Amino acid sequence: QVQLVESGGGLVQAGGSLRLSCAASGSIWRINDMGWYRQAPGKERELVARITSGGSTNYADSVKGRFTISRDNAKNTVYLQMNSLKPEDMAVYYCNAELQVRFYSLNLAYWGQGTQVTVSS
């Protein structure tokens, strides 16, 4: 009943920028926290950035000062603006949302399918 769809990934040179989007749809009552995770080959999935329903943010040290997470509650969408990209940023980026399904007082976690970000040196 709930779906997260990411977009905006692609190929970019080191020092360039990309903007990722993730739109949630379905029987949603309320979205609590939303975040972006990434996973590179041979590495564990790691948290990149997260944002609460109130707008509080948290970033991994490796992206602080370069990435910015934001959300549009009216559109149930979270964004990740990535500037000054480095080769070590290359990974599959996944959108995550913790939300309440309509008509149920349950908090559930949902994941998008992932979008590839490739950074050339």
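Asn76 lies in the loop between β7 and β8, and in this predicted model its phi is near 50°, a positive value in a residue other than glycine. With a relative accessibility of 26%, Asn76 counts as partly exposed, because that class takes in values between the 20% limit for buried residues and the 50% limit for exposed ones. A second residue of this kind is Ser84, which is found in the loop between β8 and β9. The phi of Ser84 is likewise near 50°, again a positive value in a residue other than glycine, and at 40% relative accessibility Ser84 also counts as partly exposed.

The strands β7 and β8, which the loop of Asn76 connects, belong to an open sheet of 4 strands in the order β1-β3-β8-β7, with antiparallel pairing. The edges of this sheet are held by β1 (residues 2–7) and β7 (residues 67–72), and because each of them has a single partner strand, one side of each is left without a neighbour in the sheet. On average, neighbouring strands of this sheet are turned by 15° against each other when direction is ignored. For the edge strand β1, the partner is β3, which covers residues 18–26, and the two pair in the antiparallel sense over 6 bridges. If the reader wishes to locate this pairing in the structure, one place to look is Val2, whose bridge partner in β3 is Gly26.

From the sheet we can turn to the interior. The largest nonpolar core has 32 residues, and those that touch the most other members are Trp36, Leu80, Met82 and Tyr93. Two or more residues are given to this core by each of β1, β3, β4 (28–39), β5 (46–51), β7, β8 (77–82), β9 and β11 (115–120). Among these elements, β9 gives the most, with 6 residues.

Strand β9 also leads to a feature of the surface. It pairs with β10 in the antiparallel sense over 5 bridges, and within this pairing Gln100 stands opposite Asn107 in β10. Together β9 and β10 form a hairpin with 5 residues between them, and in the turn Phe103 has a positive phi of about 75°. Tyr104 lies in the loop between β9 (91–101) and β10 (107–111), and Leu106 is placed in that loop between β9 and β10 as well. Tyr104 is exposed, with a relative accessible area of 55%, whereas Leu106, at 47%, is partly exposed. Phe103, Tyr104, Leu106 and Leu108 form a nonpolar patch on the surface, and together these four residues have about 490 Å² of accessible area. As for the placing of this part of the chain, Leu106 and Leu11 are 95 residues apart in sequence, and their C-alpha atoms are 38 Å apart in space.

A last stop is the loop between β4 and β5, where Glu44 is found. Glu44 has a relative accessibility of 72% and therefore counts as exposed, since the class of exposed residues begins over 50%. Along the chain Glu44 and Ile31 are 13 residues apart, and 26 Å separates their C-alpha atoms.

Note on methods: Residues numbered from 1 in each chain as written. Predicted model: local features only at pLDDT ≥ 70, side-chain atom pairs only at ≥ 80, totals over all residues. Heavy atoms only, no water. Patch = residues over 30% accessible without salt bridge, like charges linked within 9 Å, V, L, I, M, F, W, Y side chains within 5 Å. Areas by Shrake-Rupley, 256 points an atom, 1.4 Å probe, with all protein chains shown as cover. Salt bridge = Lys/Arg side-chain N within 4 Å of Asp/Glu carboxyl O. Buried < 20%, exposed > 50% of the residue type's maximum accessible area, 1.4 Å probe, protein only. Pairing = 2+ DSSP bridges. Axes fitted to C-alpha atoms, helices over the stretch in contact; angles between N-to-C directions. Core = buried A, V, L, I, M, F, W, Y, C linked by side-chain atoms within 4.5 Å.
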